[in-house]
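Me: Could you take a close look at the nonpolar core of this protein for someone who is new to it, and set it within the whole chain?

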Amino acid sequence: MNAIGAGTNKDAETPVSGDLIEWSDVILVMEKVHKTKITNKYKELLKNKKLAVLAIQDNYSYMDPELIKSPYC
């Protein structure tokens, strides 16, 4: 299994792209707003993809210890 983290903002270190959407089997987002952004931009590429919202507020810094010890990881 391989995973790549990407952000929905243009200034993200690795922004979500069409290539990443095509590469993925499952897409996990932290908040509903992220799902909306991805769906609006990549609707055609999302056919046959699993897109799930984890319902985690996006207020963590990169590699935040609290998020790493989360039951989601």
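Reply: A word on confidence comes before the core: pLDDT is the predictor's confidence in each residue, on a scale from 0 to 100. This is a predicted model, in which local features need a pLDDT of at least 70 and side-chain atom pairs count only at 80 or more, while totals for chains, interfaces and linings use all residues. Residues are numbered from 1 along each chain as its sequence is written, and side-chain values use heavy atoms, with hydrogens and water left out.

The protein averages a pLDDT of 89, and 95% of the residues score at least 70. Helices (DSSP runs of H or I, at least four residues) and strands (runs of E, at least two) are numbered from the N terminus; among these elements helix H1 (residues 18-23) has the highest mean pLDDT, 97, and helix H3 (residues 65-68) the lowest, 76. From the N terminus on, the elements follow the order α-β-α-β-α.

The largest nonpolar core consists of seven residues, Val16, Ile21, Ile27, Val29, Ile38, Tyr42 and Leu46, and strand E1 (26-29) and helix H2 (32-42) each supply at least two residues of this core. Such a core is a set of buried Ala, Val, Leu, Ile, Met, Phe, Trp, Tyr and Cys residues joined through side-chain atoms within 4.5 Å, where buried means under 20% relative accessible area, with a 1.4 Å probe and protein chains only. Leaving aside neighbours within four places in sequence, Tyr42 is in contact (heavy atoms within 4.5 Å) with Val16, Ser17, Gly18 and Ile21. Of the 73 residues of the protein, 19% count as buried.

How values were computed. Buried means under 20% relative accessible area, exposed over 50%, partly exposed in between (1.4 Å probe, protein chains only).
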